[in-house]
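Hi there,

Here is the structure I promised to pass on to you. Please open it alongside this email, and the notes underneath should help you find your way around.

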Amino acid sequence: MSVNRLGISVFLLIAGVCFAFVYAFAAGPRPEGALRLFGPVVQALIEPADKGLPEETLAVSPIAAPLRTVFTSEKEQDGVIRRTLVLAQGETLTSRLVGSGITRTETAKAMEALRARMNPRKIPSGRKVVLLFRRGEGGLESFTGLELRKTPVKLVSVERLSEGKFKSRIKDIVLEKRRFAVRGVVRNGIYESGLKNGVPAGVLNTMIKTYSYMVDFQREVRKGDRFEVLYEQATDDEGKGVGAATLIYAALQVGGKIMPAYRVAVLKDSYEYFNAAGRSIRKSLLRTPLKAARLTSKFGMRRHPILGYSRMHKGVDFGAPIGTPIYAAGAGLVEYAGARSGYGRYIRLRHNKRVSTAYAHLSRFARGLTRGTRVKQGQVIGYVGKTGIATGPHLHYEVLIDKRQVNPLKVKVATNAALSGTQLAAFQDWRSKVHSTFEALIAEAQGAVKLAQNAPAAAFSR
Ligand SMILES: [Zn+2]
């Protein structure tokens with residue numbers, strides 16, 4: 001190696017070390033770029049001024065030049081200054097306090113008090129901490145305490161006592177409720193698409209349950225269908241939703257058909273979803289699954305007209321001419337469609353995990369109806385006949401809960417209530433408020449962020 005080359009190498013080495021040194025110094029513990037260089041310097045200026053002062057004799061120790069710029073916000077009211085800082089990855093609260101111009105002694109005392117309520121080493125990055133200062137004579141400030149959230153509903157505060165000691169306490173946080181509006185497009189099922197758009201799972205479950213009376217989510221909802229959701233949820237100080245959310249309004253557009261649902265209080269603490277016309281969406285099973293029928297035999301013990309002895313009549317009979325259409329009492333799946341001994345031609349529909357209905361003595365089934373067919377409420381499934389053991393043409397109708405027959409005329413199901421008069425007027429008022437709230441929130445969200453991936457769909461036409 002020539003001398004010249006050695007010289008260059010030494011120069012590069014020295015330059016490198018210098019650079020590394022400056023860089024390390026400048027990098028410091030702070031995340032804010034502009035402050036990296038100045039933080040430690042200012043801190044060095046403050047510290048010697050405080051050194052040697054008997055802390056205990058001072059009620060407050062003045063801070064000459066607090067680093068305002070390290071705070072994300074600052075508010076002053078009645079001489080109390082609240083400065084908010086956000087802990088960055090790898091930072092400790094101690095380093096931030098010291099970096100904020102608070103002496104090491106005071107920082108240590110405040111941290112000691114804090115430790116009684118929570119582990120300061122386990123404060124997650126991103127957590128906001130509010131430092132409290134009091135403005136005294138000559139504009140001098142003194143550190144009087146701090147506040148931070150331990151959990152979404154618990155606030156830890158550290159307060160300075162007059163004798164220079166610090167004390168901590170824990171308070172409940174009253175969370176602010178906020179409304180959120182989401183307008184999205186179905187990509188990969190309504191549930192996944194909702195989650196992707198930030199809708200809480202609980203809200204999606206309520207929505208799916210509500211619409212299950214009129215929509216078959218597995219078969220009818222397709223890619224490109226749209227939805228709207230307005231929900232309410234408590235939020236923490238970082239604006240994140242906390243705890244259960246309440247669905248206030250939803251709209252589902254399936255194949256060009258728009259189905260809105262509005263949350264309405266029907267009784268104290270009891271809510272149901274209503275459609276735009278003010279009718280409850282939850283549908284009960286049809287009590288009479290055929291038109292122009294008369295009840296000819298009730299549910300209960302009776303003397304059997306053909307068999308001649310007393311036995312339980314596990315359904316109700318409706319007398320009607322042969323060929324009268326029979327309707328599905330509710331949306332569901334055909335579980336059985338065929339001959340079944342005394343029942344004759346028989347259909348059983350499963351409406352959900354617990355509830356089924358059965359129809360007997362049919363003359364024939366509706367065209368194409370077989371086991372596994374999905375039916376909607378009110379759809380014609382077959383026709384009145386007198387097959388099996390029957391004295392005359394009638395429909396024998398059963399409601400089964402957990403596979404046991406119950407009285408179809410007494411079974412308690414949803415109200416299917418419709419609003420009228422002043423209630424309907426109040427509902428229509430509420431409905432328009434819901435829509436204006438929804439549109440305002442959507443406009444706000446669109447103004448705040450342009451979501452490239454989830455470009456909001458165009459407004460539903462109403
Ligand atoms: Zn019967």
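Below is what I found, beginning with the whole chain and then turning to one helix and a set of paired strands.

Please keep in mind that this is a predicted model. The chain has 462 residues, and 28% of them are buried. Its secondary structure comes to seven helices and 24 strands. Among the contacts with a separation of 6 or more, 59% are between residues 24 or more positions apart.

Now to helix 4, which covers residues 104–115. Its 12 residues reach 16 Å from the first C-alpha to the last, close to the 16 Å expected at 1.5 Å a residue. Which of its residues are buried? They are E106, A110, A113 and L114. Looking down the axis of helix 4, you will see these buried residues fall within an arc of 105°, so they line one face of the helix. That fits a general pattern: an α-helix has 3.6 residues a turn, so residues three or four places apart point the same way. The cover over the buried residues of helix 4 includes helix 3 (93–99) along with strand 5 (141–151), strand 6 (154–160) and strand 7 (166–172).

Further along, have a look at strand 16 (residues 316–319), which pairs with strand 13 (residues 294–297) in the antiparallel sense over three bridges. There, R294 has G319 of strand 16 as its bridge partner. Strand 16 is also joined to strand 23 (residues 394–401) by four bridges, and these two run antiparallel. In that pairing, V316 is matched with Y397 in strand 23.

Best wishes

Technical notes: Residues numbered from 1 in each chain as written. Predicted model: local features only at pLDDT ≥ 70, side-chain atom pairs only at ≥ 80, totals over all residues. Expected span 1.5 Å × (residues − 1). Buried ≥ 20, exposed ≤ 12 C-beta atoms within 10 Å, placed from the backbone. Arc of directions from axis to C-beta. Contact = placed C-beta atoms within 7 Å. Pairing = 2+ DSSP bridges.
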